[in-house]
Amino acid sequence: MKNVLIRFVYSSLIWRSFSTKFAMANSKFEYVRNFETDDRCLPNTWIVVRVDGRGFHKFSEKHEFAKPNDKRSLDLMGKAAGRVMTEFKEICLAYGQSDEFSFVFKRDMDLHKRRASKLMTSVASIFTSAFVFHWPQFFDIPLKYPPSFDGRVVLYPSTQNLRDYLSWRQADCHINNLYNTAFWTLVLKGNLTNAEAEKRLCGTFANDKNEILFSEFGINYNNEPQLFRKGTVLVRDKKKKSEEELEGRLTKDILALNEDIIGDAFWNNHKILD
Ligand code: GTP
Ligand code: MG
């Protein structure tokens, strides 16, 4: 009994001495916490997080994406973006095209104290894992290696700035898609080499590309799918819908649209930024 008591006293003394040492060490090292800088986004500004596929030029080749647009990939991007919106109710709208998606957080939200790195990494991580998780729903072939997405945060002080940002991304979609449609039509249907097609399109304006597509290949660019020409905008719509109306929706309350977001009509209809 005495032995047990001595052992107990001895071990508690050792433990106390250890914990005192740990506490001292902790207070000695604790100062490094101050190296973590405050990266809170300015209050009352629109926060946009944009994710973009890393090395998707190679990724799309390796996974045999259709050229210039692969509907499976665009739909999968929309699905992953919908997952991000389900996770973050503070996102009021998302817009995506090609291998990128932009997420707009409500300007008055205070999630994660508006810390830029927390928001950006969470969005990029949820988006990437959802992209991988849902891959088999859209593609018959397995992933050959893990895809990844980078992220950035940009703040827009006025609603006009935000509208201009979204217009810029949609205009980018239009310019790239018109070029890529003309380029791949010249290569795949016109039997030009990549270099010849590039040369043919060098210095051309939108009208010229439309004309090449129409007069040489009978393609009216305006009849190409809206998904390819306009990209995808995700909005929330909580109005009660019948089963029939829910068909084709991303989720019960997230709607995927392929509309023009440069003009006023879309914004007057949806009143998302008011
Ligand atoms: P980083 O973003 O800088 O890592 O480079 P990246 O290779 O991802 O290029 P970037 O983001 O500038 O452009 C996206 C690229 O993905 C395009 O240039 C295409 O090569 C490819 N891509 C995206 N969507 C499609 C698609 O639907 N079909 C095909 N064939 N390629 C696509
Ligand atoms: Mg990319």
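# Exercises on a predicted model

**Exercise 1. Find which residues sit closest to ligand 1.**

Solution. Start with the shell: ligand 1 has 15 residues around it, and the closest are Asp-52, Gly-55, Phe-56, His-57 and Asp-70. Keep in mind that the model is a predicted one.

Next, look at the polar atoms. Gly-55 has a polar backbone atom 2.7 Å from an oxygen atom of ligand 1. Phe-56 also uses its backbone, with an N or O atom 2.8 Å from an oxygen atom of the ligand. With Asp-99 the side chain is involved: one of its N or O atoms is 3.0 Å from an oxygen atom of ligand 1.

Now for the cover. On its own, ligand 1 has 640 Å² of accessible area, and the protein covers 65% of that.

**Exercise 2. Work out which pocket ligand 1 takes up, and which elements give residues to the shell around it.**

Solution. First, the pocket: ligand 1 takes up the space of the largest one. Then go through the elements. Those that supply two or more residues to the shell are β1 (46–53) and α2 (56–62). Of the elements, α2 gives the most, namely three residues.

Stay with α2 for one more step and follow the chain onward. The loop between α2 and α3 (71–87) holds Pro-68. Check the peptide bond that joins Lys-67 and Pro-68: it is cis, with omega at about 0°.

**Exercise 3. Describe the chain as a whole: how many helices and strands are there in it?**

Solution. Count the elements and you get ten helices and six strands. For burial, take the 274 residues of the chain: 38% of them count as buried. The accessible surface comes to about 16,800 Å², and carbon and sulfur atoms account for 55% of it.

Finally, ask how far apart in sequence the partners are. Among contacts with a separation of 6 or more, 70% are between residues 24 or more positions apart.

**Exercise 4. Decide whether Thr-232 is buried or exposed, then list what it touches.**

Solution. Locate the residue first: Thr-232 belongs to strand β5 (residues 232–236). Its relative accessible area is 9%, so Thr-232 is buried, given that buried means under 20%.

Then collect its partners. Setting aside neighbours within four places in sequence, Thr-232 has contacts with Ala-94, Tyr-95, Gly-96, Phe-101, Leu-227, Ala-256, Leu-257 and Asn-258. Asn-258 deserves a second look, as its side chain and that of Thr-232 are joined by a polar contact of 3.3 Å.

**Exercise 5. Find where Ile-254 is in the chain, and how far its C-alpha is from that of Arg-236.**

Solution. Ile-254 is in strand β6 (residues 254–257). Its relative accessibility is 0%, so Ile-254 counts as buried. Now compare sequence with space: Ile-254 and Arg-236 are 18 residues apart along the sequence, while their C-alpha atoms are 4.6 Å apart.

**Exercise 6. Sort His-112 and Lys-113 by exposure, and check their phi angles.**

Solution. Begin with the location. His-112 is in the loop between β3 (100–105) and α4 (116–138), and Lys-113 is in the loop between β3 and α4 too.

Take the exposure next. His-112 has 29% relative accessibility, so it counts as partly exposed. For Lys-113 the relative accessible area is 52%, so Lys-113 is exposed; the cut-off for that class is over 50%.

End with the backbone. His-112 is not a glycine, yet its phi is positive, at about 50°. Lys-113, also a residue other than glycine, has a positive phi near 50°.

**Exercise 7. Say what Ile-272 and Phe-217 touch beyond their neighbours in sequence.**

Solution. Take Ile-272, in the segment after α10 (265–270). At 18% relative accessibility, it falls under the 20% cut-off, so Ile-272 counts as buried. Leaving out neighbours within four places, Ile-272 contacts Cys-92, Leu-93, Val-235 and Phe-266. Leu-93 is 179 residues away along the chain, yet the two C-alpha atoms are 7.6 Å apart.

Now Phe-217, which lies in helix α7 (residues 206–217). Its relative accessible area is 22%, so Phe-217 is partly exposed. Not counting residues up to four places away, Phe-217 touches Thr-185, Leu-186, Lys-189, Gly-190 and Ile-212.

Notes: Residues numbered from 1 in each chain as written. Chains lettered and ligands numbered in written order. Predicted model: local features only at pLDDT ≥ 70, side-chain atom pairs only at ≥ 80, totals over all residues. Heavy atoms only, no water. Helix = DSSP H or I, 4+ residues; strand = E, 2+ residues; numbered from the N terminus. Buried < 20%, exposed > 50% of the residue type's maximum accessible area, 1.4 Å probe, protein only. Polar contact = N/O pair within 3.5 Å; in protein donor to acceptor, adjacent residues only side chain to side chain. Contact = heavy atoms within 4.5 Å. Near = heavy atom within 4 Å. Areas by Shrake-Rupley, 256 points an atom, 1.4 Å probe, with all protein chains shown as cover. 1 Å grid on protein atoms, 1.4 Å probe; cavity = no way out; pocket = protein on both sides within 12 Å on 5 of 7 lines; lining within 4 Å. Sits in = over half its atoms within 2 Å of the grid points.
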